[in-house]
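Work through the exercises below with the model open. Try each task before reading its solution.

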There are 2 protein chains.
Amino acid sequence: MPGEFALIDRIRARAARRDDVVRGIGDDAAVLAVPDGHELVVTCDTLVAGVHFPDGTAPSDVGYKALAVNLSDLAAMAAAPAWCTLALTLPDGDEAWLDAFLDGFLELADEHGVSLVGGDTTRGPLAMTVTAHGLVPAGQALLRSGARVGEDIWVTGTLGDAAGGLAQWRQRGPASAKLRYRLDRPTPRVQAGLALRGLASAAVDLSDGLAADLGHVLAASGVGARLDLGRLPCSRTLADHFDENRRWELQLTGGDDYELCFTAPAARALEIEQALAALELPATVVGQVEAEPGLRLLTPEGGAWTPPATGYQHFEGGHA
Amino acid sequence: MPGEFALIDRIRARAARRDDVVRGIGDDAAVLAVPDGHELVVTCDTLVAGVHFPDGTAPSDVGYKALAVNLSDLAAMAAAPAWCTLALTLPDGDEAWLDAFLDGFLELADEHGVSLVGGDTTRGPLAMTVTAHGLVPAGQALLRSGARVGEDIWVTGTLGDAAGGLAQWRQRGPASAKLRYRLDRPTPRVQAGLALRGLASAAVDLSDGLAADLGHVLAASGVGARLDLGRLPCSRTLADHFDENRRWELQLTGGDDYELCFTAPAARALEIEQALAALELPATVVGQVEAEPGLRLLTPEGGAWTPPATGYQHFEGGHA
C-alpha cells in the first residue's frame, strides 16, 4: 500500500491552480485571495459508501458526485465556485480507485474552474468530505429567508429522475440507465444560480426532495405555499417507468435531483425565463408562496394530495 | 434515533457567531466577510475512530482534538482562526455522544473565537472532518519554503509526550495520565503562530513527528539540517517513563505533539524568546539549517544517531 504522502502527491500533480491561489496543496494550509467587495460562501458535504451512494458505484461517478453536491449548494447561494478541499478516507491505498475518483472529481472541477487547494487522506471506511468555497458580490447571496407572499415558486430541469433511479436499484428489477445516470452524475446548476442574482428572492437546492427543501425556505421566510402537482416537471423517462402517484412521491420526497428551487415576484417571470433559456435550462413555475403556513399539495383536479404512508427513503443525510 | 435535522438544530443552538459571519448554520452555505487586505487560510483534517484516536476515547476529547489539529495547521501559517465547518459521521444519532463531543469542540472554538458556520451530519462509521478558516494580512503567511541556510531551528513546548501516551496505551501497561492527556488534548499553538509573524522564516506544525515534518520544510526550502538530540525539549514525565534512546525515537517520529517547528535567523533569537515568553510558552533551538540536503541527527557526544529499525507507528495519516 502506498503511503499517505504518495497519495497526496498523486492528487497534487493533477490539481489545477487558479491565479487567486497564493498557495495550494503542499503546505500546512492553503492561502487564498478573496477579491475586495466579495463575500466568501462555504459549504461542506460528506458522502459515505453504502449510505450516500450504492456500493459498487463507479469511482469516477463517486468523485463527480462528491463535488457536484457541494457546487449545488454554492449554486443555490448564487456564488461562483472558486476552491475546494477534499478529505478522502480509503480502506486501502488503491491507486487505481483514486485515479478514477479523481477523473470524475477533476472533470467537474475543471468545468467550473475550481481549484483543489488542500485536503487530507486517511485510512478507514470509504467516505469523503468536500468543502467548497465560492465568491459572491457582497450582499448578493441568495438566502432561504427571502421568499415573500404572492411570489412564484420555480424549479429548474425535471424532478424525480434520481429518486426513480435509486428506487429501481433498490428493487433490483428493470432499470433505466438514464435515471441511474441522473442519480450518479447530478448536474449542479451553477450558471443558473449566477443568472438568478438580482432576479430570485430565495433559493435552495433540491437534495432532500422538493417538499423538505422548499419547507426549509418556507420556514426560514415565515410563509407557506401551494404546489400544483400537475405542473411538476417530469422527464419522459420517468413517466415511462412510474405511474402518476409514484412520480409525485419521487418528485416531492425523493431528493438527489440537485435542481434549484427558487421564488421570485411574478413580474420577473419573463426575465427569468430568458436568463435560463440562454443556458438551455428549462424552468417551471410549480406553485405560489402563500401567507398561510405549511405546504399544500394540489392535484390537477384541485383536490388535496397526501403521499403514501410508506414514505420514500433516500440516501442523503441532512446538511446545514 | 433523532433525524439529521434534529442533530443539526442541536449543533446550531450551541454555535457562537462572530460579527463577520453574514450567514451561519441554516442555509445552503455560510456567507462570510473577509476583511480587505487579508488572505484566507484554509485547512482540513479528518479523524477516523480506531485510526486517529483509540476506540473508547472520551467524546469530549475527540471533539477537542478534531478542532485542535486544524487550528494547529492555521497556527503554523501564522493565521488567526476565524471560522470552521464540521462534517460529522455517526453510527447512530446518539445525542449524549454528540453533546459531549460538542463540549470539547466548542470549548476550544470559544477559546479562540472561532465560529462554527456549517457542516453536515451523516450516518456511517464514526469519523469527522473539520475545515478551519483563518485570516492573515496579505503576504504574511508563514510557509514551509522559507528556511534559509544558517538559520536556527526552533520547537515550542516539549516533544514526545503524546507519542509516549500512545505507546503506553498500545502496550496496555502502566500509563501516565499526563502523557495520555497530551495525546487527547493537544494545545494548538495559535498565539505563538501569530507572535511569529515577521520573526520566523518558515514553520510547520508537528503532527507526524519532528523528523518527517521538519523534512517537509527542508524539502520545500531546498536545504538540509542538523538536529542536536541532546537539545530536544523533553518533559519530566516523559523522562520518567522512557529511556533516552526511546525518547529520541518518540520525539522524532511519534507525532501528535502539535507543537510548532520554525526556522529563523540567529539575530532574531532574543525577540523570539521574548515574544514566546510573553505567552509563557518555552521554545528551544534544536538545530541549524544547513546547505547539505538531508537531516543529520547528532547525539550529545557528537556521533550520528540512527533510530531503531522497528519504527514507531503513529495514528495520524498524512495531510496536505
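**Exercise 1.** In which helix of chain B is B:Ser60 found? Then classify its burial and list its contacts.

*Solution.* This is a predicted model: local features need pLDDT of at least 70, side-chain atom pairs count only at pLDDT 80 or more, and totals for chains, interfaces and linings use all residues. Residues are numbered from 1 along each chain as its sequence is written, chains are lettered from A and ligands numbered from 1 in the order written, and side-chain values use heavy atoms, without hydrogens or water.

- Step 1. B:Ser60 sits in helix 2 of chain B, residues 59-76. Helices are DSSP runs (H or I, at least four residues), as are strands (E, at least two), numbered from the N terminus.
- Step 2. B:Ser60 is buried because its relative accessibility is 19%. The classes are buried under 20% relative accessible area, exposed over 50%, and partly exposed in between (1.4 Å probe, protein chains only).
- Step 3. Leaving out residues up to four places away in sequence, B:Ser60 touches B:Ala100, B:Phe101, B:Gly104 and B:Arg185. Contact means heavy atoms within 4.5 Å.
- Step 4. The side chains of B:Ser60 and B:Arg185 also make a polar contact, at 3.5 Å. That term means a pair of N or O atoms within 3.5 Å; within protein, one must be able to donate a hydrogen and the other to accept it, and residues adjacent in sequence count only if both atoms are side-chain atoms.

**Exercise 2.** How many disulfides does a search of the whole structure find? Explain the result for B:Cys44 and B:Cys234.

*Solution.*

- Step 1. The search over all chains returns zero disulfides. The criterion is a pair of cysteine sulfur atoms within 2.5 Å.
- Step 2. For B:Cys44, the closest cysteine sulfur is in A:Cys44, 9.3 Å away, so it is too far for a bond. B:Cys44 is buried, at 1% relative accessible area.
- Step 3. For B:Cys234, the closest cysteine sulfur belongs to B:Cys261, at 17 Å, again too far for a bond. B:Cys234 is partly exposed, at 28%.

**Exercise 3.** Which residues does UniProt list for "binding site"? Place two of them.

*Solution.*

- Step 1. The unreviewed UniProt entry lists A:Gly119, A:Asp120, A:Arg144 and A:Ser207. They span 89 residues in sequence, and the farthest two C-alpha atoms are 31.4 Å apart, so they do not all gather at one spot. Such annotations may be inferred rather than shown by experiment.
- Step 2. A:Gly119 lies in strand 5 of chain A, residues 115-123. A:Gly119 is buried, at 4%.
- Step 3. A:Arg144 is in the loop between strand 6 (127-137) and strand 7 (152-156) of chain A. A:Arg144 is buried, at 7%.
- Step 4. A:Arg144 touches residues including A:His216, B:Gly26, B:Asp27 and B:Asp28.
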